[in-house]
Amino acid sequence: MDTIASLFSFITTPVSWVIVQFHSVYGAIFGPDTGWAWGLSIVSLVILIRICLIPLFVKQIKATRAMQTLQPEMKKIQERYKNDRQRQSEEMMKLYKETGTNPLSSCLPILAQSPFFFALYHVLNGIASGDTVGVINDRLLESAQKAHIFGAPLAAKFTDSADKVEALNSSLTDVRVVTAIMIVLMSLSQFYTQRQLMTKNVDTTVKTPFMQQQKMLMYVFPVIFAVFGINFPVGVLVYWLTTNVWTMGQQMYVIHNNPTPGSKAQAAYLERLTKHLTRHGKTRNRRERAIVKAIVAKGRDRNEHERKFINGLNKAGLAAQTDGMVIKGESAVAAQSEDGTPIIAAAAKRQQPKRQSKSQRQTGTAKAAGEPTSLTKSDDREDAKPAAPAKKDDTKSTGSTRSKAQSGQRKGPQRPKSPSKK
């Protein structure tokens with residue numbers, strides 16, 4: 001372990017220095033040997049690290065959404081080149097390059113956080129074994145060994161023996177109860193975070209293998225936390241639980257304010273945005289203008305929630321502009337309809353044409369045929385007289401004449417057919 005620690009001393013020394021600096025601040029408030037001073041130092045370390053990782057978290061969100069969008073194209077490539085693995089990988093890399101996505105971007109926060117996690121684990125393990133690590137000297141080591149969180153020492157583990165726990169001035173029952181509660185809270189927070197992502201912030205219109213993988217991880221991760229958690233010191237469990245709570249809150253903020261297109265969270269967000277725009281008639285900040293601008297630019301490619309949002313604005317007499325601004329329908333020159341075509345925001349109601357009388361309809365028909373448009377009473381009377389019954393031969397000839405005229409032949413009397421010879 002000393003060899004590994006020497007290799008990673010470049011990260012254990014800064015982590016121990018940060019903990020000591022926070023401990024000097026909280027020690028002046030709660031006392032240098034209390035669990036509050038050391039526990040809050042670990043929590044503050046987590047917050048500092050996660051604040052530094054916010055740009056990577058934003059990149060992770062963009063990469064995850066890009067991968068969700070590419071899942072249908074990736075599935076087509078897999079089906080097309082299912083017998084040629086090399087060609088399949090080449091087409092996948094080509095697709096990533098064209099769209100500017102990177103599958104590893106979704107793992108960046110975890111990879112960037114793992115060195116700090118290892119460094120903190122080594123510092124706390126050194127406290128448990130009585131070894132100084134980094135800038136933690138003998139005085140700080142003795143103070144950290146006296147620190148307890150709800151009766152459990154920072155360096156104690158669930159699997160420690162009773163003798164080792166007694167050497168840290170605690171009881172085995174206190175250590176196992178505290179560690180068990182923290183492991184359960186870690187597993188529940190991880191499960192809730194993953195479930196929230198699957199149920200609220202996933203595009204339900206696209207069914208891809210990526211969703212099945214996320215669903216599987218929702219049940220696998222809590223089990224991993226439960227199995228490995230019993231082997232970690234109480235201080236590391238504090239670090240891990242704080243990280244999970246931060247991730248859960250950070251994701252709730254993202255889902256509430258910047259949801260994935262096509263998800264349930266987007267439907268709820270656009271509903272809230274519609275109510276605000278209907279009440280105030282304008283966007284509040286740059287983020288709302290960016291969302292409205294993106295929806296307007298999609299045109300015919302809008303999803304169901306976005307079309308409902310545009311229709312709701314139009315019904316309220318508002319028009320979403322291409323620059324993301326929202327203006328009232330009276331002053332709008334043109335707005336985007338749900339299919340992307342420009343419409344007049346303040347268009348008047350469509351007027352229905354007046355019902356025409358029979359004589360007006362006949363006049364219009366006569367004009368179209370080039371006949372005289374005047375109708376007299378005598379004509380009406382003649383039209384009203386019933387026609388005389390025609391003879392059978394006349395009916396036949398009339399029917400044949402009509403059928404020929406309808407088929408495009410010359411009008412007028414036709415040459416009678418020669419009788420067929422029997």
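The dialogue below goes through some labels used for this predicted model and the values behind them.

Visitor: What makes up the chain, in terms of helices and strands?

Guide: The chain has 17 helices and six strands. Of its 422 residues, 36% count as buried, and the chain exposes about 26,800 Å², of which carbon and sulfur atoms supply 57%. Among contacts between residues at least 6 apart in sequence, 63% join residues at least 24 apart.

Visitor: Why is α12 called roughly perpendicular to α13?

Guide: Helix α12 (residues 264-280) and helix α13 (residues 286-298) pack at an angle of about 110°, with their axes 12 Å apart. Angles of 65 to 115 degrees count as roughly perpendicular, and therefore α12 is described as roughly perpendicular to α13.

Visitor: Which residues meet where α12 packs against α13, and what is their character?

Guide: From α12, the residues Tyr-269, Leu-270, Leu-273 and His-276 meet Arg-287, Glu-288, Ile-291, Val-292 and Ile-295 of α13. The residues of this contact divide into six nonpolar, one polar and two charged.

Visitor: What makes the pair α13 and α14 roughly perpendicular?

Guide: Here α13 and helix α14 (residues 304-315) pack at an angle of about 105°, and their axes are 11 Å apart. Since the range for roughly perpendicular runs from 65 to 115 degrees, α13 is likewise called roughly perpendicular to α14. In this contact Val-292, Ile-295 and Lys-298 of α13 meet Glu-306, Phe-309 and Ile-310 of α14, and the residues involved divide into four nonpolar, no polar and two charged. Val-292 and Ile-295 of α13 also appear in the contact with α12.

Visitor: How do you know that Phe-150 counts as exposed?

Guide: The relative accessibility of Phe-150 is 71%, and exposed means over 50%, so Phe-150 counts as exposed. Phe-150 lies in the loop between β1 (148-149) and β2 (152-153).

Visitor: Why is the phi of Phe-150 worth a remark?

Guide: Most residues other than glycine have a negative phi. Phe-150, although it is not a glycine, has a positive phi of about 55°.

Visitor: What is the phi of Asn-169, and where is this residue placed?

Guide: Phi of Asn-169 is near 60°, a positive value in a residue other than glycine, and Asn-169 sits in the loop between α8 (162-167) and α9 (172-200). Its relative accessibility is 60%, and because exposed means over 50%, Asn-169 counts as exposed.

Visitor: Why is Met-252 called partly exposed?

Guide: Met-252, which is found in helix α11 (residues 234-257), has a relative accessibility of 38%. Buried means under 20% and exposed means over 50%, with partly exposed in between, so Met-252 counts as partly exposed. The C-alpha atoms of Met-252 and Leu-197 are separated by 8.9 Å, although these residues are 55 residues apart along the chain.

Visitor: Which residues are covered by the annotation "transmembrane region", and what is the helix content of residues 35-58 and 217-241?

Guide: According to an unreviewed UniProt entry, the annotation "transmembrane region" covers residues 7-29, 35-58 and 217-241. In the model, residues 35-58 are 96% helix and 0% strand, with the end C-alpha atoms 34 Å apart. Residues 217-241 are 84% helix and 0% strand, and the end C-alpha atoms of that span lie 18 Å apart.

Definitions and conventions
Residues numbered from 1 in each chain as written. Predicted model: local features only at pLDDT ≥ 70, side-chain atom pairs only at ≥ 80, totals over all residues. Heavy atoms only, no water. Axes fitted to C-alpha atoms, helices over the stretch in contact; angles between N-to-C directions. Helix = DSSP H or I, 4+ residues; strand = E, 2+ residues; numbered from the N terminus. Parallel < 35°, antiparallel > 145°, perpendicular 65-115°, else oblique. Contact = heavy atoms within 4.5 Å. Nonpolar A, V, L, I, M, F, W, Y, C, P; charged D, E, K, R; others polar. UniProt positions renumbered as here; feature names shortened; annotations may be inferred. Buried < 20%, exposed > 50% of the residue type's maximum accessible area, 1.4 Å probe, protein only. Areas by Shrake-Rupley, 256 points an atom, 1.4 Å probe, with all protein chains shown as cover.
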